[in-house]
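Work through the exercises below with the model open. Try each task before reading its solution.

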Amino acid sequence: MPNMANEKVKMREQDPNVRNKNFDEVTCGYSAEEAMAEAARCLNCKHKPCMDGCPVSVQIPRFISCIAAGEFKKALEIIGETNSLPAVCGRVCPQESQCEQLCVRGKKGEPVAVGRLERFAADNGMDTGEAENAAAGKAASEDVPGGIKVAVIGAGPAGLTCAGDLVKLGYDVTIFEAFHIAGGVLVYGIPEFRLPKAIVRREIDKLAAAGVKLRTNYIVGRTVTVEDLFEEGYKAVFIGSGAGLPKFMNIPGENLNGVFSANEFLTRINLMKAYRDEYDTPVYDVKKVAVVGGGNVAMDAARCAKRIGAEEVYIIYRRSLEEMPARQEEVHHAMEEGIIFKLLTNPVEIKGEDGRVSAITCDRMELGEPDAGGRRRPVVVEGGRFDIGLDCVIMALGTSPNPLISATTGGLEVNKWGCLEVDGNLMTTRAGVFAGGDAVTGAATVILAMGAGKRAADGIDSYIKKGL
């Protein structure tokens with residue numbers, strides 16, 4: 001019988017005043033009993049509206065029904081039919097604006113906790129060894145047709161998903177990653193307290209067990225070019241290099257010591273572990289920090305700054321809380337952890353002393369008429385300028401694709417934002433070269449990048465088969 005409770009089964013969390021001093025995961029996950037109780041809330045709707053909101057087409061009611069029945073291994077197998085990274089998606093996918101937004105239970109209460117249940121299935125599979133065994137067994141039973149080789153550039157969400165789907169189809173897939181470890185934004189951008197790196201490593205290990213090869217420290221455009229890859233016998237190339245080029249405001253003082261892009265700050269924290277005493281690349285010693293921006297990256301940077309010892313951390317955002325693009329859960333957690341929100345506030349100058357940040361000057365704003373995108377435009381309030389004393393400013397204003405690959409590969413066209421142009425099958429203007437994720441859309445979500453990786457894998461499969 002369905003559980004008719006109108007609220008989700010609560011998930012245990014660390015106390016805010018404890019977790020804001022450590023990098024352990026904030027949320028603790030469901031126990032088996034909690035997962036089964038939450039899964040019992042699913043109505044198993046005939047038309048499955050939740051699936052319309054899933055970019056990777058997970059069979060949501062099917063896997064939830066298995067959890068309700070205690071068939072955890074089968075639930076993970078169902079998720080794995082379309083999703084190569086369930087433990088990741090269960091933690092960072094914005095379910096509230098996708099599958100859960102369409103859940104029928106949400107009309108008279110809270111929707112079913114699809115993301116939490118996906119996380120449970122994935123974590124349970126890892127704990128029991130079922131996830132790795134299933135991947136290894138599947139790879140052993142398949143033959144690569146003619147050894148057809150496909151190259152994937154970038155080991156982020158789009159590249160990992162594309163590679164995982166292609167190897168299932170029988171292709172000989174190699175991922176070329178610029179960093180020394182795989183994961184892309186999953187390892188350098190998202191903090192440990194939201195997405196433990198051990199989880200990412202185990203998801204990547206599953207792909208390796210299924211047959212995906214990985215070459216790290218390969219900068220395509222420098223170490224090798226796309227042309228080189230074709231000459232080496234690869235029949236198609238997928239570009240999933242992400243969007244790692246940070247944006248700035250171009251205001252006075254952005255060149256002062258103590259001004260970071262969120263990309264640099266988070267990479268130093270997440271990938272280089274610069275907050276640990278035993279590492280040789282310590283992060284800037286911060287006490288009063290302003291993070292400019294209102295997205296998930298801004299929340300991540302602010303919460304990291306708090307954890308490395310900052311006494312005051314501000315989020316500066318020029319619109320109101322209602323317009324803030326970050327996930328509600330991340331905003332809620334940030335507020336609980338003591339992050340100070342300066343809303344309707346816009347920086348105009350960063351001040352310094354002896355070459356270092358000393359303050360940020362801001363204008364107070366109010367919301368005026370809607371702009372072309374439908375959001376009310378921020379307007380300066382006369383006489384509302386003020387300073388905040390600081391020693392660090394982090395710009396979290398979005399990113400754009402690095403132009404290296406497009407600049408070193410003939411025949412690739414980009415739009416005015418530097419994003420690669422693709423057709424409906426995600427093939428670029430160069431035959432045999434496909435692209436997806438942030439390299440095409442600009443900075444977006446992990447799950448949208450994964451959806452693009454799946455579409456590109458289908459496009460590559462069709463392209464190669466037409467040429468056989």
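The model is predicted: local features need pLDDT of at least 70, side-chain atom pairs count only at pLDDT 80 or more, and totals for chains, interfaces and linings use all residues. Residues are numbered from 1 along each chain as its sequence is written, and side-chain values use heavy atoms, with hydrogens and water left out.

**Exercise 1. Place Arg194 and find its salt-bridge partner.**

Step 1. Locate the residue. Arg194 lies in the loop between helix H9 (185–188) and helix H10 (197–209). Helices are DSSP runs of H or I, at least four residues, numbered from the N terminus.

Step 2. Check burial. Arg194 has 10% relative accessibility, so it counts as buried. The classes are: buried under 20% relative accessible area, exposed over 50%, partly exposed in between (1.4 Å probe, protein chains only).

Step 3. List the contacts (heavy atoms within 4.5 Å). Leaving out residues up to four places away in sequence, Arg194 touches Glu25, Arg91, Val92, Asn296, Asp300, Arg303 and Glu330.

Step 4. Pick the partner. The side chains of Arg194 and Asp300 form a salt bridge at 2.8 Å, N to O. The pair links distant parts of the chain, 106 residues apart, with Asp300 in helix H13 (residues 296–307). A salt bridge needs a side-chain nitrogen of Lys or Arg within 4 Å of a carboxyl oxygen of Asp or Glu. Asp300 is buried, because its relative accessible area is 2%.

Step 5. Widen the view. Arg194 and Asp300 belong to a network of salt bridges that also includes Glu13, Arg19, Arg303, Arg307, Glu330, Glu336 and Glu337.

**Exercise 2. Compare the settings of the salt bridges Glu34–Arg12 and Glu38–Arg41.**

Step 1. Take Glu34 and Arg12. Their side chains meet at 3.3 Å, N to O. Glu34 is in helix H2 and Arg12 in the segment before H1, 22 residues apart. Arg12 is partly exposed, because its relative accessible area is 41%.

Step 2. Take Glu38 and Arg41. The closest N and O atoms are 2.8 Å apart. Glu38 is buried, at 0% relative accessible area. Arg41 is also buried, at 0%.

Step 3. Count. The structure holds 27 salt bridges.

**Exercise 3. Which residues of helix H3 (residues 60–68) are buried, and what do they pack against?**

Step 1. Read off the buried residues: Ile60, Pro61, Phe63, Ile64, Cys66 and Ile67.

Step 2. Find their neighbours. The buried residues of H3 pack against helix H2 (32–39), helix H4 (72–80) and helix H6 (114–128).

Step 3. Look past the helix. Gly70 follows H3, with a positive phi near 80°.

How values were computed. Helix = DSSP H or I, 4+ residues; strand = E, 2+ residues; numbered from the N terminus.
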